[in-house]
Amino acid sequence: MESEKELLDDIFRGSRDAMHRLYERYVGHAMAVALRYVPLREDAEDVVQDSFIKVFAAIPNFQYRGEGSLKGWLFRIVVNEAITCVRQKSKLTLVEEFPDEPLEEEPPVEKIPPAELTKMIGELPDGYRLVLNMYVFEQLSHKEIALRLGIKESSSASQYLRAKKLLARKINDYLSKLNEKEYE
């Protein structure tokens with residue numbers, strides 16, 4: 001597979017085929033990222049389409065910083081578009097206090113098929129889902145999340161803890177159902 005640098009060089013020379021290769025290389029991953037934030041497939045498809053439009057419009061100004069920088073930049077655009085989509089489609093309701101109950105043990109996430117885990121994350125309330133994705137997958141701090149979403153830092157931490165607890169419950173329920181099927 002050609003390097004990002006080779007692909008970018010072709011794009012900068014005006015190759016439409018190179019733009020198509022860029023799209024083909026990353027559209028699947030972009031959709032997976034979008035689906036983590038936006039649970040409805042149609043909305044995620046719109047996010048991906050809007051993201052690639054922005055990528056192609058802004059690519060002449062992109063500063064290559066080594067292999068992986070193009071992919072990272074593209075996925076940041078997808079995340080930003082997904083967050084914008086969620087904020088436009090729903091009124092984010094964020095809880096301002098910390099959960100009273102302590103977290104249970106970490107569930108065995110590795111036993112869950114990736115598609116099922118994505119589905120579970122997609123079922124989380126909007127605020128929980130956004131903060132969980134930004135904290136876990138984008139590795140943003142609660143301070144950074146709070147700034148991006150216009151919320152308090154404590155709200156970000158609270159949403160993350162609640163999301164983690166609800167996701168743990170969903171994972172444990174899923175595994176319990178699998179175990180029940182094994183013994184039928």
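How many aromatic pairs does a search of the whole structure find? The search finds five, and we'll visit some on this tour.

**Before you click**

This is a predicted model, where local features need pLDDT of at least 70, side-chain atom pairs count only at pLDDT 80 or more, and totals for chains, interfaces and linings use all residues. Residues are numbered from 1 along each chain as its sequence is written, and side-chain values use heavy atoms, with hydrogens and water left out.

**Stop 1: the whole chain**

Start in cartoon view. You should find eight helices and zero strands; here helices (H or I, at least four residues) and strands (E, at least two) are DSSP runs, numbered from the N terminus. Following the sequence, you read α-α-α-α-α-α-α-α. Along the principal axes, the C-alpha atoms fill a box of roughly 55 × 45 × 30 Å. The chain has 184 residues, and 40% of them count as buried. Buried means under 20% relative accessible area, exposed over 50%, and partly exposed in between (1.4 Å probe, protein chains only).

**Stop 2: two annotated stretches**

Select residues 22–90. An unreviewed UniProt entry annotates them as "domain: RNA polymerase sigma-70 region". This stretch is 80% helix and 0% strand, and its end C-alpha atoms are 32 Å apart.

Now select 116–167, which the unreviewed UniProt entry annotates as "domain: RNA polymerase sigma factor 70 region 4 type". Here the chain is 79% helix and 0% strand, with the end C-alpha atoms 12 Å apart. For both annotations, UniProt positions are given in the numbering used here, feature names are shortened, and annotations may be inferred rather than shown by experiment.

**Stop 3: the rings**

Show Phe-52 and Phe-56 as sticks. Both belong to helix α3 (residues 41–58), four residues apart, about one turn of the helix. Rings of Phe, Tyr and Trp (its six-membered ring) pair if their centres lie within 6.5 Å; planes under 30 degrees apart count as stacked, over 60 as edge-to-face and the rest as tilted. Phe-52 and Phe-56 are a tilted pair, 5.9 Å centre to centre with 40° between the planes. Add Tyr-23, and you have a cluster of Tyr-23, Phe-52 and Phe-56 linked by ring pairs.

Is Phe-52 buried or exposed? Phe-52 counts as buried because its relative accessibility is 4%. Phe-56, at 24%, counts as partly exposed.

Next, pick Phe-62 and Trp-73. Their ring centres are 4.8 Å apart and their planes are at 40°, so this pair is tilted. Phe-62 is in the loop between α3 and α4 (69–89) while Trp-73 is in helix α4, so the pair ties together parts that are eleven residues apart in sequence. Phe-62 is buried, with a relative accessible area of 9%, and Trp-73 is buried too, with 15%.

One more ring: select Arg-36 and Phe-137. The charged end of Arg-36 sits over the ring of Phe-137, 3.9 Å from its centre. (A charge sits over a ring if NZ of Lys or CZ of Arg is within 6 Å of the ring centre and within 35 degrees of the ring normal.)

**Stop 4: helix α6 and its surroundings**

Select α6 (126–136). Why is α6 described as largely enclosed by the rest of the structure? Because eight of its eleven residues are buried, including Arg-129, Leu-130 and Leu-132.

Keep Arg-129 on screen and add Ala-163, which is in helix α8. Ala-163 and Arg-129 are 34 residues apart in sequence but 6.8 Å apart in space, C-alpha to C-alpha. Ala-163 counts as buried, at 0% relative accessibility.

Now move to Gln-139, in the loop between α6 and α7 (142–149). Most residues other than glycine have a negative phi. Gln-139 is not a glycine, yet its phi is positive, about 55°. With 68% relative accessibility, Gln-139 counts as exposed.

**Stop 5: the largest pocket**

A pocket, on a 1 Å grid over the protein atoms alone, is an open set of points where a 1.4 Å probe fits, with protein on both sides within 12 Å along at least five of seven lines; lining residues have an atom within 4 Å of a point. The largest pocket holds about 220 Å³ of space, the volume being the space filled by probe spheres set on the points, which are joined across faces, edges and corners.

Of its 13 lining residues, select the closest to the centre: Glu-106, Val-109, Leu-132, Lys-164 and Leu-167. Which helix gives the most to the lining? Helix α8 does, with five residues; α5 (114–122), α6 and α8 (153–182) each supply at least two.

Finally, colour the lining by class: eleven residues are nonpolar, none polar and two charged. Ala, Val, Leu, Ile, Met, Phe, Trp, Tyr, Cys and Pro count as nonpolar, Asp, Glu, Lys and Arg as charged, and the others, Gly among them, as polar.
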